[in-house]
Amino acid sequence: EEETELLAEDEEAEDCHEADGEGGDGTAAEEEEVIAVLEVDDKVFEEMRLPADIVAEAQQAWSAFINAASSREAAGESIYAALFDSAPSLQSLFKTPRSVMAMRFMNGLNSIVSAMTNPAALKVTVETLGFQHLDLEVTVPRVVIFRDAIVDLFDMEMGARFTSKARSGLMSILNYVGGAYIYIRREYAGRIKIISTSWRTANNKVADITEADDEAAGEGEPADQEGDKQEEKQQSGSSSGEHAQRTRTGLSGLRASGEANNANVMKVPTTFNEMFM
């Protein structure tokens with residue numbers, strides 16, 4: 001009986017050890033996934049999946065940051081100031097007025113953080129923003145500057161409420177977005193440039209064809225007008241000839257009728273011989 005109890009205890013201990021090992025492996029896998037996203041990866045652009053608790057902490061931190069500000073505009077201004085105070089050289093990348101740029105930062109980050117729970121929607125959102133920023137030369141060092149400025153701002157504004165999980169989630173999403181911007185610009189900018197060039201060439205050809213048609217139509221109008229004038233002259237000449245012919249015919253008819261009338265009129269005698277002879 002004692003041996004049976006000892007064997008049962010050993011089996012239970014092994015089962016517990018195996019369960020702990022499985023749980024430890026899962027936690028380690030999640031930690032590796034988070035650590036991997038903490039590096040800016042511009043080699044691939046795939047869906048990003050973070051542990052649910054990290055996503056929740058990051059979204060809560062974002063909401064708390066917005067609620068702590070007097071308005072969304074004020075939150076955007078603080079992000080803008082934190083970014084360009086830490087790296088004044090980045091201001092040359094943006095030509096938009098400060099107030100407009102601050103709201104763009106705010107709206108862009110809000111859409112990204114809100115989509116963290118849905119990897120497919122997050123990828124589409126980041127891809128759309130990446131195409132909107134093709135004109136910016138995004139590099140890994142600049143992404144790191146942007147990421148650190150945002151994280152330091154949250155750390156300063158929120159203090160202890162900015163937990164380690166929230167920090168990991170925010171850093172992960174910013175690295176993901178920065179790597180995606182670099183990837184999209186490298187992989188798609190050349191193709192889009194070719195499409196734009198081809199489109200401009202096609203439009204120029206259409207414009208040339210339209211202009212040639214307009215010129216041909218313009219050259220044809222004088223010839224048509226000349227033909228119309230010549231035809232009018234011919235018709236005028238013909239009408240004049242017919243009128244002259246009718247006039248001559250009328251005069252001849254008048255002369256002929258006059259002679260006939262004169263022949264038919266009785267001659268009045270003017271001498272004695274004409275009266276009685």
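Start with the whole chain: of its 277 residues, 25% count as buried. The model is a predicted one. Show the full surface next. The accessible surface comes to about 18500 Å², and 54% of that belongs to carbon and sulfur atoms.

Switch to cartoon. The chain has eight helices and zero strands. Read from the N terminus, the elements run α-α-α-α-α-α-α-α. Now turn on contacts for the chain. Among those with a separation of 6 or more, 75% join residues 24 or more positions apart.

**Stop 1: F65**

Select F65. This residue sits in helix α2, residues 52-68. Is F65 buried or exposed? F65 is buried, because its relative accessible area is 4%, and the cut-off for buried is under 20%.

Show what surrounds F65. Leaving out residues up to four places away in sequence, F65 touches A75, S78, I79, L153, F154, E157 and M158. Pick A75 from that list. A75 is ten residues from F65 along the chain, and their C-alpha atoms are separated by 7.7 Å.

**Stop 2: α2 against α3**

Keep α2 and add helix α3, residues 72-86. The two pack at an angle of about 110°, with their axes 8 Å apart. That makes α2 roughly perpendicular to α3, since angles of 65 to 115 degrees count as such.

Show side chains at the contact. From α2, pick W62, F65 and I66; from α3, pick R72, A75, S78 and I79. Color them by class. The residues of this contact divide into five nonpolar, one polar and one charged.

**Stop 3: α2 against α6**

Hide α3. Bring in helix α6, residues 140-158. The axes of α2 and α6 come within 11 Å and cross at roughly 65°. The two helices are therefore roughly perpendicular to each other. Which hand does the crossing of α2 and α6 have? The crossing is left-handed.

Now select the residues that meet. α2 supplies A61, W62, A64 and F65. α6 supplies L153, F154, E157 and M158. By class, the contact of α2 with α6 has seven nonpolar, no polar and one charged residues.

Put α3 back on screen and return to F65. This residue is part of the contact with α3, and F65 is also among the α2 residues that meet α6.

**Stop 4: M103**

Jump to M103, in helix α4. M103 is partly exposed, because its relative accessible area is 21%, and partly exposed lies between 20% and 50%.

Which residues does M103 touch, not counting residues up to four places away in sequence? They are R72 and E73. Then draw a distance from M103 to A74. The pair is 29 residues apart in sequence and 9.0 Å apart in space, C-alpha to C-alpha.

**Stop 5: α4 against α5**

Stay on α4, residues 98-114, and add helix α5, residues 119-132. Their axes come within 9 Å and cross at roughly 160°. That makes α4 roughly antiparallel to α5, since the term covers angles over 145 degrees. The crossing of α4 and α5 is left-handed.

Finish with the side chains. In α4, select G108, S111 and I112. In α5, select L122, T125 and L129, which they meet. By class, the contact of α4 with α5 has three nonpolar, three polar and no charged residues.

Methods: Residues are numbered from 1 along each chain as its sequence is written. This is a predicted model: local features need pLDDT of at least 70, side-chain atom pairs count only at pLDDT 80 or more; totals for chains, interfaces and linings use all residues. Side-chain values use heavy atoms; hydrogens and water are left out. Axes are lines fitted to C-alpha atoms, for helices over the stretch in contact, and angles run from 0 to 180 degrees between N-to-C directions. Helices (H or I, at least four residues) and strands (E, at least two) are DSSP runs, numbered from the N terminus. Angles under 35 degrees count as roughly parallel, over 145 as roughly antiparallel, 65 to 115 as roughly perpendicular and the rest as oblique. A crossing is left-handed if the near helix is turned anticlockwise from the far one by less than a right angle, and right-handed if clockwise. Contact means heavy atoms within 4.5 Å. Ala, Val, Leu, Ile, Met, Phe, Trp, Tyr, Cys and Pro count as nonpolar, Asp, Glu, Lys and Arg as charged, and the others, Gly among them, as polar. Buried means under 20% relative accessible area, exposed over 50%, partly exposed in between (1.4 Å probe, protein chains only). Accessible areas come from the Shrake-Rupley method with a 1.4 Å probe; for residues, only the protein chains shown count as cover.
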